[in-house]
Each structure stands twice: as C-alpha cells, then as structure tokens.
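Morning, everyone. I have one structure to show you today. Please take a look at the screen.

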Amino acid sequence: MDGVIVVNKPEGWTSHDVVSKARRIVGDRRVGHLGTLDPIATGVLPLVLGRATRLAQFYTRSDKIYEALIRFGFATDTYDRSGQPDPTIEIGNLERLLDDFRGELMQTPPPVSAKKVDGVRAYVLARKQVPVALAPVPIEIYELALLELRGAEARIRARCSGGTYLRSIAHDLGQAMGCGAHLADLRRMASGEFTIEEAHTIPDLQQLALEGRLSEALVPAARMLPDFPTVYVEPLTAGQIRQGRNFAASPFRVGPGSRYVKAVSSDGELIAIGEAKLPNLYHPVVVL
C-alpha cells in the first residue's frame with residue numbers, strides 16, 4: 001500500500017502512538033506522519049505508507065487549519081491545559097487584538113515542543129527543568145476568526161502555515177491582554193490537502209483491515225501533492241525515469257514556472273516526482 005491514510009487522532013495519544021498502531025494494522029513498518037500533533041490535540045493526522053513515505057519531504061511546510069479553544073485568565077508553563085498555572089489578572093479586549101496575530105509573524109515556539117536544541121528535543125530539556133531558549137521562526141496566519149466567546153473561553157479558527165504553534169498563539173494572546181491564557185482544546189481540521197471529512201479512527205481502520213478492505217481508506221500516491229502538475233508517461237519512459245533519466249513534459253500540461261511535476265503511468269501509478277532542469281525537461285528527484 002503506497003499512499004496516505006488520514007487518521008482522526010484521539011486525545012491523549014502521541015503522533016508516534018498512532019504510527020505504531022498503524023504499522024501493526026498495515027503490517028508494514030514503512031509508516032510515518034506528516035506533522036506532529038500534541039497529545040491533547042485531536043483531528044487530522046495524515047500517515048504516509050510504503051513507498052509514499054519518500055514524498056513526506058514535500059509536506060514539511062504544508063498549510064494547516066485548526067479549531068482551538070483558548071481559556072483566558074491564566075497562563076501555564078506548557079502553554080496548554082497540561083501545564084502548571086501562572087498568576088492571573090482581569091481579562092481584556094480580545095477582538096481588538098486578533099488583528100495583531102494575522103499575517104506574517106515571528107513566533108517563538110513553546111518550551112515544551114518538538115523543536116531541537118543542540119540535537120535534543122525541547123520538551124525533553126523542559127521536563128528535566130533545563131532552561132530552554134528557542135529562537136523565533138517565521139510563520140504566516142492567513143485566517144484567524146473568533147467563532148465563539150463564552151465567559152473566559154474563546155473558540156477560534158486558524159488557517160496557517162506549517163510550523164505554527166496554536167499554543168504559542170494562545171499564550172501570546174493572553175500576554176497581550178494582560179490576563180494570561182492557555183490552550184484548552186485543539187482540533188486539526190486539515191493538513192495540506194487532507195481534511196477531517198476523510199479521516200478514519202483507529203478502530204475503523206482495524207475493522208477495515210479485518211474485513212480485507214483497508215485499501216478503501218487509502219489515498220493513492222498519485223493523488224498526493226495535487227498542486228504538482230501531472231505528466232502521463234508510457235511504459236518505456238517510465239522505465240527510463242526509474243533509471244534516473246530526465247523526461248519531457250508538454251508545455252500544454254505543465255505551466256511555466258512549475259518546479260515539480262508528477263510522472264504517472266498510464267494505469268495511474270505514481271512513478272516519480274520530477275524537478276525542472278530546463279524548460280519542459282524534468283529530472284526525477286524522488287522515484288517510487
């Protein structure tokens with residue numbers, strides 16, 4: 001099975017827990033995920049299977065959509081509800097401040113995060129009480145909408161670039177309002193082209209596997225990366241591509257400036273991802 005299965009991650013599981021379950025269900029160790037979700041978070045966790053794991057590199061900065069519940073009144077040392085509370089003061093004006101969190105920003109990741117400091121995950125150092133100083137990184141918030149405000153809790157929807165931490169947004173909003181805040185709940189609604197509507201629970205996948213129908217949950221490799229133009233190749237060219245030979249792409253199918261294309265066989269199998277070397281000439285950089 002080469003492609004993606006979109007999992008609806010339950011609360012309390014790490015992303016690695018989901019990968020471990022999926023490896024047993026699929027019967028293949030070649031399973032990875034396309035972007036970590038915190039244990040308190042639920043929702044879309046795309047898993048790449050088989051040879052499609054080679055395509056993960058193209059998803060490192062894919063956009064995400066989240067729905068988050070931010071609780072105002074106090075901050076925590078992890079920026080979410082699992083941490084220890086810090087002192088609080090009166091809640092301020094939320095709607096007025098949201099504009100400051102839209103657009104291109106420099107964001108400091110939470111101290112309890114998967115970012116590496118000298119090769120060590122920040123959360124490992126933080127849990128050992130080792131001070132962690134993480135450098136701000138560029139992110140972009142395309143949409144930040146207030147869905148509901150009830151008492152000291154605000155539910156928001158964010159569409160953002162990969163690498164964005166909603167925990168940091170919650171924490172920084174609380175700081176800006178002078179009352180402190182933390183992330184109480186988080187659900188990822190989309191990751192790249194994969195959405196919550198096509199996500200499966202682990203029990204659902206286990207049942208499909210028992211019935212020999214697991215392929216019904218698979219997004220084939222050829223359907224991944226839909227923004228890359230598709231070039232259909234005949235068997236002779238497919239064989240040459242697998243040997244690392246460059247291949248041509250019709251200018252009528254591939255627009256000018258397309259850095260990557262998908263080479264797909266006549267029967268719908270993804271052969272390779274090609275990178276432009278000359279106009280309408282592509283070199284296979286990932287071969288399946």
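I'll cover a cavity, a helix residue and two backbone angles.

First, a caution: this is a predicted model.

Let's start with empty space. Rolling a probe the size of a water molecule over the atoms shows where such space is left. How many cavities of 30 Å³ or more does a search of the whole structure find? One. Its volume is about 30 Å³. The lining is Ile5, Ala22, Ile25, Val26, Leu47, Leu49 and Leu205. Two elements give two or more residues each: α1, residues 15-26, and β3, residues 41-49. The largest share, three residues, comes from α1. As for chemistry, the lining has seven nonpolar residues, no polar ones and no charged ones.

Next, a charged residue. Arginine 167 sits in helix α4, which covers residues 166-177. Is arginine 167 buried or exposed? Buried, because its relative accessible area is 3%, and the cut-off for buried is under 20%. Leaving out residues up to four places away in sequence, arginine 167 touches eight partners by name: Asp38, Thr78, Tyr79, Asp80, Pro110, Val112, Ser113 and Leu183.

Now the backbone. Most residues other than glycine have a negative phi. Here are two with a positive value. Leucine 225 has a phi near 50°. It lies in the loop between β12 (219-220) and β13 (230-233). Leucine 225 counts as buried, because its relative accessibility is 6%.

Asparagine 280 has a phi of about 65°. Its loop runs between β16 (270-278) and β17 (281-287). At 33% relative accessibility, asparagine 280 counts as partly exposed.

That's my tour. Over to you.

How values were computed:
Residues numbered from 1 in each chain as written. Predicted model: local features only at pLDDT ≥ 70, side-chain atom pairs only at ≥ 80, totals over all residues. Heavy atoms only, no water. Helix = DSSP H or I, 4+ residues; strand = E, 2+ residues; numbered from the N terminus. Buried < 20%, exposed > 50% of the residue type's maximum accessible area, 1.4 Å probe, protein only. Contact = heavy atoms within 4.5 Å. 1 Å grid on protein atoms, 1.4 Å probe; cavity = no way out; pocket = protein on both sides within 12 Å on 5 of 7 lines; lining within 4 Å. Points joined across faces, edges and corners; volume = space filled by probe spheres on them. Nonpolar A, V, L, I, M, F, W, Y, C, P; charged D, E, K, R; others polar.
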